[in-house]
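Trainee: I would like to learn how to read charged pairs and helices in a model. Could we go through one together, step by step?

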Amino acid sequence: MTDTRDRKSRSLIGLVGDVPKLVKSLVKGELDLLKAEMLAKAKIFALAAGLLVAALVIVLYAIGVLLTAAVMGLATIMPAWLAALLLAVLMLIVAAILGFVGWKRFKKGLPLTPKQTIASVKNDVNAVKGLGKKPTPRTQRASRKPDVSGRF
């Protein structure tokens, strides 16, 4: 531990000269802490991701086993080949319906360009340049009502 007399005898210039070293060591310490914390979190997330993938693989195998059980159950009342064919056709119909609905939803989101944001940025650039009129957000336009003279 440093003697307090040494602290008192140091000049202001000496103390100010220590500031860059102290700031450097503080930043280095904070970065080391950040690195250690993020590494610990990455290990936790990696383990969690591995467990979730393993669970997904087991669920996929379980679905196969359930489908086999369904075919075997149907095989008690019809030939096994017909039971397998019937279940396969049913699965293809469900897959086609899900695929069609998903494709329609996907097309609804196209194109991926953010049109409203681009238009807003263009308006902002024009406002900064002093070109055109000042843009009014749609929410303000919709909530404003004209006054007696018909102006907004």
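Mentor: Let us start with two residues of one helix in this predicted model: Asp32 and Lys28 are four residues apart in helix H2, so about one helical turn separates them.

Trainee: What does Asp32 form with Lys28?

Mentor: The general idea is that side chains of opposite charge can pair when their charged atoms come close. Here Asp32 forms a salt bridge with Lys28, and their closest N and O atoms are 3.7 Å apart, which is within the 4 Å that the rule allows.

Trainee: Are these two residues buried or exposed?

Mentor: Lys28 counts as exposed because its relative accessibility is 53%, and exposed means over 50%. Asp32, at 37% relative accessibility, counts as partly exposed.

Trainee: How many salt bridges does the rule give?

Mentor: The count comes to two. In the other pair, Lys21 forms a salt bridge with Asp18, with the closest N and O atoms 3.5 Å apart. Both Lys21 and Asp18 lie in helix H2, three residues apart, which is again about one turn of the helix. Lys21 is exposed, its relative accessible area being 57%.

Trainee: Where does H2 bend?

Mentor: The bend, of about 30°, is at Val19, and a proline, Pro20, follows within four residues.

Trainee: What should the span of helix H2 be, and how far apart are its end C-alpha atoms?

Mentor: Helix H2 covers residues 12-74, and at 1.5 Å a residue its 63 residues should span 93 Å. The end C-alpha atoms are 91 Å apart, which agrees with that expectation.

Note on methods. Residues numbered from 1 in each chain as written. Predicted model: local features only at pLDDT ≥ 70, side-chain atom pairs only at ≥ 80, totals over all residues. Heavy atoms only, no water. Helix = DSSP H or I, 4+ residues; strand = E, 2+ residues; numbered from the N terminus. Expected span 1.5 Å × (residues − 1). Bend = angle between axes of the 7 residues up to and from the residue. Salt bridge = Lys/Arg side-chain N within 4 Å of Asp/Glu carboxyl O. Buried < 20%, exposed > 50% of the residue type's maximum accessible area, 1.4 Å probe, protein only.
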